[in-house]
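Me: I am new to this structure and would like to learn how to read it feature by feature. Could you take me through it slowly, with the general idea first and then the case at hand?

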Amino acid sequence: MPTRQTSSSGKPKSPRIQVVLPEELCARLAALAESESRTVSNMAKVLIQQGVERLEQLQRPAEPAQAPYPSGPAAAADRFRRELEQQEQGGTRRLRGAPRRLRLRQPPLSP
């Protein structure tokens, strides 16, 4: 279990782990982080989260087979809820690259 540290203000810090990576893997991680405008540390956190979620999904017992699209308002609500939960599990997608600059034009002068 990682050591729980406290900040200078006394609040507990998030748990930390130390990982040793081969240089090639570290370079690949840095390239991924750069392409998504993230820090290397944040990119590692995101990839660990996704990997843990994927492994947890594989270890869950399979749900009983259901018709893909049952009919009725309750079934439609359940399907909608499941789709939203699946999107939520995918995590928030970040914008790639720096934001583009907008050019603001002055409105024409009225006579």
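Reply: Let us begin with a single residue: Ser37 sits in the loop between α1 and α2. Please keep in mind throughout that this is a predicted model.

Me: What is the value of phi at Ser37, and what sign does it have?

Reply: The general idea is that most residues other than glycine have a negative phi. Here, Ser37 has a phi near 55°, which is a positive value in a residue other than glycine, and along the chain this positive phi comes just after α1.

Me: Is Ser37 buried, partly exposed or exposed?

Reply: Buried is the word for a relative accessible area under 20% and exposed for one over 50%, with partly exposed in between. Because its relative accessibility is 39%, Ser37 counts as partly exposed.

Me: How many helices and how many strands does the chain have, and in what order do the elements run?

Reply: The chain holds three helices and zero strands, and so, read from the N terminus on, its elements run α-α-α. For the chain of 111 residues taken as a whole, buried residues make up 6%, while the accessible surface comes to about 11,100 Å², with 54% of that belonging to carbon and sulfur atoms.

Me: How far does α1 reach from its first C-alpha to its last?

Reply: With its 13 residues, α1 reaches 18 Å from the first C-alpha to the last, which is close to the 18 Å expected at 1.5 Å a residue.

Me: Which residues does Leu29 touch, leaving aside its neighbours within four places in sequence?

Reply: Leu29 is found in helix α1, and because its relative accessible area is 11%, it counts as buried. Once the neighbours within four places are set aside, Leu29 is in contact with Leu21, Val40, Met43, Ala44 and Leu47. One of these pairs can also be followed through the C-alpha atoms, since those of Leu29 and Ala44 are separated by 7.3 Å although the two residues are 15 apart along the chain.

Me: Where do Ala27 and Ala31 lie, and are they buried, partly exposed or exposed?

Reply: Ala27 is in helix α1, and its relative accessible area of 48% makes it partly exposed. From C-alpha to C-alpha, Ala27 and Val40 are 9.7 Å apart in space and 13 residues apart in sequence. Ala31 also lies in helix α1 and is partly exposed, with a relative accessible area of 46%, and its C-alpha atom is separated by 10.0 Å from that of Met43, twelve residues away along the chain.

Me: What share of the contacts in the chain with a separation of 6 or more comes from residues 24 or more positions apart?

Reply: Residues 24 or more positions apart account for 34% of those contacts.

Me: How should I read the largest pocket, and which residues lie nearest its centre?

Reply: The general idea is that rolling a probe the size of a water molecule over the atoms shows where empty space is left. In this structure the largest pocket has a volume of about 540 Å³, and it is lined by 18 residues, with Ile17, Ser41, Ala44, Lys45 and Ile48 nearest its centre. The elements that give two or more residues to this lining are α1, residues 23-35, and α2, residues 40-59.

Me: Which element gives the most to that lining, and how do the lining residues divide by kind?

Reply: α2 gives the most, with seven residues. By kind, the lining divides into twelve nonpolar, three polar and three charged residues.

Definitions and conventions. Residues numbered from 1 in each chain as written. Predicted model: local features only at pLDDT ≥ 70, side-chain atom pairs only at ≥ 80, totals over all residues. Heavy atoms only, no water. 1 Å grid on protein atoms, 1.4 Å probe; cavity = no way out; pocket = protein on both sides within 12 Å on 5 of 7 lines; lining within 4 Å. Points joined across faces, edges and corners; volume = space filled by probe spheres on them. Helix = DSSP H or I, 4+ residues; strand = E, 2+ residues; numbered from the N terminus. Nonpolar A, V, L, I, M, F, W, Y, C, P; charged D, E, K, R; others polar. Expected span 1.5 Å × (residues − 1). Buried < 20%, exposed > 50% of the residue type's maximum accessible area, 1.4 Å probe, protein only. Contact = heavy atoms within 4.5 Å. Areas by Shrake-Rupley, 256 points an atom, 1.4 Å probe, with all protein chains shown as cover.
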